[in-house]
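Biologist: I would like to go through this model one feature at a time. Please show me the chain, and then we can start with how far to trust it.

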Amino acid sequence: MKDYLVLKDYDRDNEWQEVFFFDHELTNGEISRIETRIQELKDETDECSSDDIEQIVADVVPYTYNLVLSSDDSYHTIWY
């Protein structure tokens, strides 16, 4: 793993995040393209799901692995 992005769901009552891991360091251009595509989607529709954003990330910069973390998971240990 060289880099990662974290997708956080602000609409849920519990804490939920999805982490996307990449095998290379993301460039500013790649991050900008992801942000632009997400904003275009938000401009087109009032409802934007986490699945929609996940698909955008995969289309723009394929990730090698993803991990979903939520407050109701009891099997993930995260060290800060």
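Modeller: Confidence comes before anything else, as this is a predicted model. The chain has a mean pLDDT of 83, with 80% of its residues at 70 or more.

Biologist: Where in the chain is confidence lowest, and where is it highest?

Modeller: It is lowest in β3, with a mean of 83, and highest in α1, with a mean of 93.

Biologist: Which pattern does the chain follow along the sequence?

Modeller: The order is β-β-α-α-β, made up of 2 helices and 3 strands.

Biologist: What share of the contacts joins residues 24 or more positions apart?

Modeller: Counting contacts in the chain with a separation of 6 or more, 49% are between residues 24 or more positions apart. One pair shows what such a separation along the chain can look like in space. Trp16 and Leu69 are 53 residues apart in sequence, and their C-alpha atoms are separated by 5.7 Å.

Biologist: Where does Trp16 lie, and is Trp16 buried or exposed?

Modeller: Trp16 belongs to strand β2. Its relative accessible area is 8%, so Trp16 is buried. Over the chain of 80 residues, 29% count as buried.

Biologist: How do I read burial along a helix? Take α2: which of its residues are buried?

Modeller: List them, then look at where they point around the axis. In α2 the buried residues are Ile53, Glu54, Ile56, Val57 and Val60. They lie on the same side of α2, because their arc around the axis is only 160°.

Biologist: What do the buried residues of α2 pack against?

Modeller: Their partners are β1 (3-8), β2 (16-22), α1 (28-44) and β3 (65-70).

Biologist: There is a glutamate in that list. Why does Glu54 count as buried?

Modeller: The cut-off is under 20% relative accessible area. Glu54 has 19% relative accessibility, so Glu54 counts as buried. Glu54 sits in helix α2, which spans residues 50-60. Setting aside residues up to four places away in sequence, Glu54 touches Glu18, Phe20, Tyr63 and Asn66.

Biologist: Now the helix pair. At what angle do the axes of α1 and α2 cross?

Modeller: Read the distance and the angle together, then the hand. The two axes come within 10 Å and cross at roughly 145°, and the crossing of α1 and α2 is right-handed.

Biologist: Which residues make the contact?

Modeller: From α1 there are Glu30, Arg33, Ile34, Arg37, Ile38 and Leu41, and from α2 there are Asp52, Ile53, Ile56, Val57, Asp59 and Val60. Sorted by class, the contact of α1 with α2 has 7 nonpolar, no polar and 5 charged residues.

Biologist: Take two of the charged residues of α1. Is Glu30 buried or exposed?

Modeller: Glu30, in helix α1, has 13% relative accessibility and therefore counts as buried. Apart from neighbours within four places in sequence, Glu30 is in contact with His24, Glu25, Val60 and Val61. The C-alpha atoms of Glu30 and Val61 are separated by 6.9 Å, although these residues are 31 places apart along the chain.

Biologist: What is the relative accessible area of Arg33?

Modeller: Arg33 is also found in helix α1. The value for Arg33 is 45%, so Arg33 is partly exposed. Between the C-alpha atoms of Arg33 and Val57, 24 residues apart along the chain, the separation is 9.2 Å.

Note on methods:
Residues are numbered from 1 along each chain as its sequence is written. This is a predicted model: local features need pLDDT of at least 70, side-chain atom pairs count only at pLDDT 80 or more; totals for chains, interfaces and linings use all residues. Side-chain values use heavy atoms; hydrogens and water are left out. Helices (H or I, at least four residues) and strands (E, at least two) are DSSP runs, numbered from the N terminus. Buried means under 20% relative accessible area, exposed over 50%, partly exposed in between (1.4 Å probe, protein chains only). Contact means heavy atoms within 4.5 Å. The arc is that of the directions from the helix axis to the C-beta atoms. pLDDT is the predictor's confidence in each residue, from 0 to 100. Axes are lines fitted to C-alpha atoms, for helices over the stretch in contact, and angles run from 0 to 180 degrees between N-to-C directions. A crossing is left-handed if the near helix is turned anticlockwise from the far one by less than a right angle, and right-handed if clockwise. Ala, Val, Leu, Ile, Met, Phe, Trp, Tyr, Cys and Pro count as nonpolar, Asp, Glu, Lys and Arg as charged, and the others, Gly among them, as polar.
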